[in-house]
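Hi everyone, thanks for coming. I'd like to walk you through one structure today, so please have a look at it while I talk.

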Amino acid sequence: MPILFYVDDSKDDLFYLDYIRRKQQVDVDLFCFSNPEAAFEALEERLERGDSVPDVLIADLYMPLDSGSSLIARLRRDERFSAMRLGICSGSDAVEDRERALAAGADFYLEKPLDFTGFFRNR
């Protein structure tokens, strides 16, 4: 089963993504984090246990203290996470935000609200 890490400071957005996962009956292990540091620590703990890295990590672009793009850039610089697909999400449809996310190393940019349709299909 695919593994998805989702990082967003909004509790409503974290709840909504899990709700959509259940409603669309998407077969994915979803792990939610309210800040980039918690997600990074969980990634390192997975590796210490010998677990694989998630298939996908999606981070919100705008968060207090740290942005999703800085987390993506940090992961891109670390060879241990090179197999992960990395994405940025935001409520913004601004071209500048999309360009900034991709320049940080994101594989894709998603506008909120998120939808699993393009990522994981029912098995």
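Let me start with one pairing: Phe5 has its bridge partner in β2, and that partner is Phe31. Before I go on, please keep in mind that this is a predicted model.

Two places further along the story, Val7 is bridged to Phe33, again in β2. These contacts belong to a larger pattern: strand β1, residues 3–7, and strand β2, residues 29–33, run parallel and pair over five bridges. In general, strands of a sheet pair through backbone hydrogen bonds, and they can do that in a parallel or an antiparallel way.

Now, what joins these two strands? Helix α1, residues 11–23, makes a right-handed β-α-β unit together with β1 and β2. The helix α1 lies across β1 and β2, and runs at about 175° to β2.

Let's zoom out to the sheet. In which order do the five strands sit? The order is β2-β1-β3-β4-β5, in an open sheet with parallel pairing. At the edges we find β2 and β5, the latter covering 108–111, and each of them pairs on one side only. From one strand to the next, the twist averages 20°. Another helix to look at is α2, residues 36–49: it lies across β1, β2 and β3 (56–60), at about 155° to β1.

Back to the rings. How many aromatic pairs does a search of the whole structure find? Three. One of them is Phe5 with Phe31, a tilted pair with 5.5 Å centre to centre and 50° between the planes. Because Phe5 lies in strand β1 and Phe31 in strand β2, this pair ties together parts that are 26 residues apart in sequence. Are the two rings buried or exposed? Phe5 is buried, with a relative accessible area of 2%, whereas Phe31 is partly exposed at 33%.

Phe5 also pairs with Phe33: the ring centres are 4.8 Å apart and the planes sit at 45°, so this pair is tilted. That links strand β1 to strand β2 across 28 residues. Phe33 is buried, and so is Phe5. Put together, Phe5, Phe31 and Phe33 form one aromatic cluster.

Finally, a word on charges. Which charged end sits over the ring of Phe31? That of Arg46, 5.9 Å from the ring centre. Elsewhere, Arg74 lies over the face of Phe40, at 3.5 Å from the ring centre.

That's my tour, and I'm happy to take questions!

Methods: Residues are numbered from 1 along each chain as its sequence is written. This is a predicted model: local features need pLDDT of at least 70, side-chain atom pairs count only at pLDDT 80 or more; totals for chains, interfaces and linings use all residues. Side-chain values use heavy atoms; hydrogens and water are left out. Two strands pair if DSSP finds at least two bridges between them. Helices (H or I, at least four residues) and strands (E, at least two) are DSSP runs, numbered from the N terminus. A crossover is right-handed if, with the strands pointing away from the viewer, the path from the first strand over the helix to the second runs clockwise. Axes are lines fitted to C-alpha atoms, for helices over the stretch in contact, and angles run from 0 to 180 degrees between N-to-C directions. Contact means heavy atoms within 4.5 Å. Rings of Phe, Tyr and Trp (its six-membered ring) pair if their centres lie within 6.5 Å; planes under 30 degrees apart count as stacked, over 60 as edge-to-face and the rest as tilted. Buried means under 20% relative accessible area, exposed over 50%, partly exposed in between (1.4 Å probe, protein chains only). A charge sits over a ring if NZ of Lys or CZ of Arg is within 6 Å of the ring centre and within 35 degrees of the ring normal.
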